[in-house]
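The following paragraphs lead the reader through one protein structure, from charged contacts to the interior. Please keep the sequence and the coordinates at hand while reading.

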Amino acid sequence: MIYKRKILPKLHKKNLFIMLRISTHIVLFLGFLFMNCEGNKSKSADYIQLELSWDHEKNPIGEALGNGKITLKNVGNKPLPAQKWTIYFSQITGPKPVPESLKGLKISNVVGELNKMEPDPSFMGLKAQEEKSFSYSSKGGVSFNYACVPQGVFLVYEDENGVEQKSEVMVNITPFKRKEQFQLSSEDRKPLPDAFWRFDQQAGVSLIPAENVPLILPTPLFSTKTEGSFVLNGKINISAPKELDNEKSYLQEVLNPLFSPNKQGQSTIFLEIKSLKGLEKAESYQLEISKKGIHIAGADAQGVFYGIQSLLQLLPPDAFSKKQASITLPNLLIKDAPRYEYRGYHLDVGRNFHSKKTILRLLDVLAHYKINKFHFHLTDDEGWRIEIPGLPELTDFGSKRGYSKNEKDHLLPAYGSGLTANADKSSGTGFYTKADFLEIIRFAKVRHITVIPEIDIPGHARAAIKSMEARQAKLSLDGNKAAAEQYRLFTPNDKSQYRSVQNYPDNVLDVCKESTYTFIGKIFDELINMYDEAGVPLKTMHVGGDEVPEGVWKESPSCLDLLTKLPKGNSKDILTQYFLERLDKMLDERGVQLAGWEEVALIRIPKEPKGFGYEPNPKFKKDGFLAYVWNSLGESVNLSYRLANAGYDVVLSNVTNLYFDLSYDGHPSEPGLNWGGYVDTKTAWRFSPNNQFAAVLKDVQGNDMPIAQWENTMEWLKPEGKKHIKGIQGQLWTETIKTESMLFYYTLPKLLGLAERAWTPEQAWEAKRNSPEREKLLNADWQLFANKVGQHELKKLDYIFGGYNYRVPPPGARIVNDKVEVNSPFPGMMIRYTLDGSEPTKDSKKYEMPVDFKKEQIIKIAIFSSNGRKSRTVTLPAKPGELTD
């Protein structure tokens, strides 16, 4: 497998503090907001205080070496000794210094993306207030944004009494302004991702009259305005049968806070379930507004609920920012039904934890855009996030990350979680109690969202393995040998050598031990019990099944024994099939469908002269496996088609369009990853399920995709295969996402593009082969969608359900004939500027037409949300070869 998930931690608050200081250039300071190290709780100078600065000058490209500089400064009063200290830091990717070029320091990997820096014999120590710089050359490894920098940095050292001490380290990062600092390779042909580039990218959209903006997002099947209007006021009577009590209560809770007390007449909203001609599909609805009132009829309760969401879509944005005496709505008729039965959003909380409060806020906005599946990735190598009755070690040990000399108390730091395992100060620590989880399931049920739990096995299981080893050690000390071995997932004398894609040598369950299946059965049963208690029977269980590395199980005594009883072949392939067969049987006995990433539906086929290819596994296609297909890269661009054509039910989860943790674009200030390309709102929106070959035009380096070759030589989705495409899902992996605000920055407005494609009927351009005509039709539709987002949706998202920290996009700009022209990807957003070099504010001059620009002037431009949040600032003129923002 290629590296599917996630690469780079993002700079933000909670356990990361970011400050911008402007002097001759901007320096980003990354460090901990609190000194939360054990034994060094005070801010006094009784411990060593260090500052680490990283100046990344250029990436290694081809045969040319990269270079940079590390500076250590002792900012305290205690000297740093010549030896017996280590600086730990997280850095998933970045330049790899050539060892002989780095004099005075040595850098090595601990595990995963946790690294350490130690003194070499030539290091002479640092006196108080002294600093030393260490230049290096690098070969291999590149940086491409601020997620590629050292994070969660801390110092461990021995004091004069030989006692271990710890302290956080402040980090300074010199900004990335030149292309050589973030160029990916000699094949990287992307233009400089600045305001000039953005202007060209956004030139195809312009402001259209408000009356031409679509009324509803996602776009309904049919809508038409009729004559007249209806006044909705605070005296609302909702008429609904008992089976719609849930929908009635929901609507009341959303509408009541919007209105101020008034003496106007009563407004009536009718809710009902009824058969609708031409709308026989589940979740269908009809919304009619007339002088008689508002009438929502659904094919089922879900349909009524989505009719309610469309009604909320019709409200003006300011209805959510201030109380209204009344709201005037146009008379209209909407008939609507979903394109796909599965419209999903996936959230990983294993890498970085996100609170119950955040999850509930997320569910609110998902429901508003008619997303009906929440794929909850609850476990991974770096964290186990759900309480399991009877196995307290999973959360006592496996939900915590922080420094540990021998990893006996909790997991090691990862993804910038840093020194402390304190849940209040580290995104690496946290879990959902049983009560939390029940509340989440019930909250989702009210909003007609199915929560699909994922317990990622047999790989990505380091947190579970280490937790059960802690349990084994504790019970062995108590003399309870049988209980100590009951749930053990690891064989101590297994000498197998492997490294997972995320660089772990110990993250795969031993699938040949019976105790492994005792553990899995326990997890399944406890989750099923929780769902039953919540009143929502568990129907689908996602088991991961992905990224099992080569070399695993080869020296496991239990596996060597088991393999003598199984068919001959590649041991990894044989044991993977054995494991899936057992999981399938376990879940089938419990009445639960098995779901997993695409690997659960694939079998490896040897290729000549070497290597492997992947084909649909005929063994499981009739067992009801649900395959989530993420790999849409290169030769796998049509993998979902091949699986669907072979008879597997498929959820399209394409990395190239639907991985929301990928950066919006290639600007170094944009957080996120780029291994699968860049994903902005238009990329998610232009996803075309029936022609995935043309879903993305450029690769991550700006080179054209071989779309014509793919279209002419690869297998397309067949009519029978279409029946097996159950829906589409956006994924958010959280290696770079530590806070709620960043979660919504990555999610919104990308989610709107996903929702449009998951709900709205297939558009005229979608199934067409790649051509100028296709792009013309696509861009005409995008013009309408972008105006809906800019003129309505983002303004609403500033306030609805408490407001969301969506990404405010930076403007595009260009200079033509001494005039500055500015544009936005979403027409209708407020653009403001200054001409005196000062930072724009929400009160600065509004951009309405090209601005006269004199050579001695400095113009600064930014886009603002309706509640005053600001984008990155564009500064013109920029220095030659440097970014405009």
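In this predicted model, the side chains of Lys819 and Asp852 meet in a salt bridge, with an N to O distance of 2.4 Å. Lys819 belongs to strand 31 (residues 819-823) and Asp852 to strand 34 (residues 851-852), so the contact ties together parts that lie 33 residues apart in sequence. The two partners fall into separate accessibility classes: Lys819 is partly exposed, with a relative accessible area of 34%, whereas Asp852 counts as exposed at 51%, because exposed means over 50%. Elsewhere, salt bridges that share partners join Arg198, Asp665, Glu670, Arg807, Arg872 and Asp885 into one network.

Two further ion pairs may be examined in the same manner. Glu821 and Arg814 meet through their side chains in a salt bridge of 3.0 Å, N to O; here Arg814 is partly exposed, at 34% relative accessibility. Lys474 and Glu393 form another salt bridge, with a distance of 2.8 Å from N to O. Since Lys474 lies in helix 7 (residues 462-477) and Glu393 in helix 5 (residues 393-396), this pair ties together parts that are 81 residues apart in sequence. Lys474 is partly exposed, with a relative accessible area of 41%, while Glu393, at 6%, counts as buried. In total, the count comes to 50 salt bridges.

A covalent link comes next. The count of disulfides comes to 1, and the bond is formed by Cys512 and Cys559, whose sulfur atoms are 2.1 Å apart. The pair links distant parts of the chain: Cys512 sits in the loop between helix 8 (481-486) and helix 9 (514-534), and Cys559 in helix 10 (residues 557-563), with their positions 47 residues apart in the numbering. What is the handedness of this disulfide? The torsion about the S-S bond of Cys512 and Cys559 is about 100 degrees, so the disulfide is right-handed. Both cysteines fall under the 20% limit that defines a buried residue: Cys512 has a relative accessible area of 12%, and Cys559 has 0%. Another cysteine, Cys148, is also buried, with a relative accessible area of 0%.

Helix 4 (residues 356-368) offers a check on geometry. At 1.5 Å a residue, its 13 residues should span 18 Å, and the end C-alpha atoms are 19 Å apart, which agrees. Is helix 4 largely enclosed or largely open? Because 11 of its 13 residues are buried, helix 4 is largely enclosed by the rest of the structure. The buried residues of helix 4 include nonpolar ones such as Ile359, Leu360 and Val365, and also Arg361, Asp364 and His368. Just after helix 4, Lys370 takes a positive phi of about 65 degrees.

The nonpolar interior completes the account. The largest nonpolar core has 198 residues, and those with the most contacts inside it are Tyr345, Phe374 and Phe519. Helix 9 gives the most to this core, with 10 residues. Apart from that core lies another, of 35 residues, among them Ile70, Phe123, Phe176 and Leu184.

Definitions and conventions: Residues numbered from 1 in each chain as written. Predicted model: local features only at pLDDT ≥ 70, side-chain atom pairs only at ≥ 80, totals over all residues. Heavy atoms only, no water. Disulfide = S-S within 2.5 Å. Helix = DSSP H or I, 4+ residues; strand = E, 2+ residues; numbered from the N terminus. Buried < 20%, exposed > 50% of the residue type's maximum accessible area, 1.4 Å probe, protein only. Expected span 1.5 Å × (residues − 1). Core = buried A, V, L, I, M, F, W, Y, C linked by side-chain atoms within 4.5 Å. Salt bridge = Lys/Arg side-chain N within 4 Å of Asp/Glu carboxyl O.
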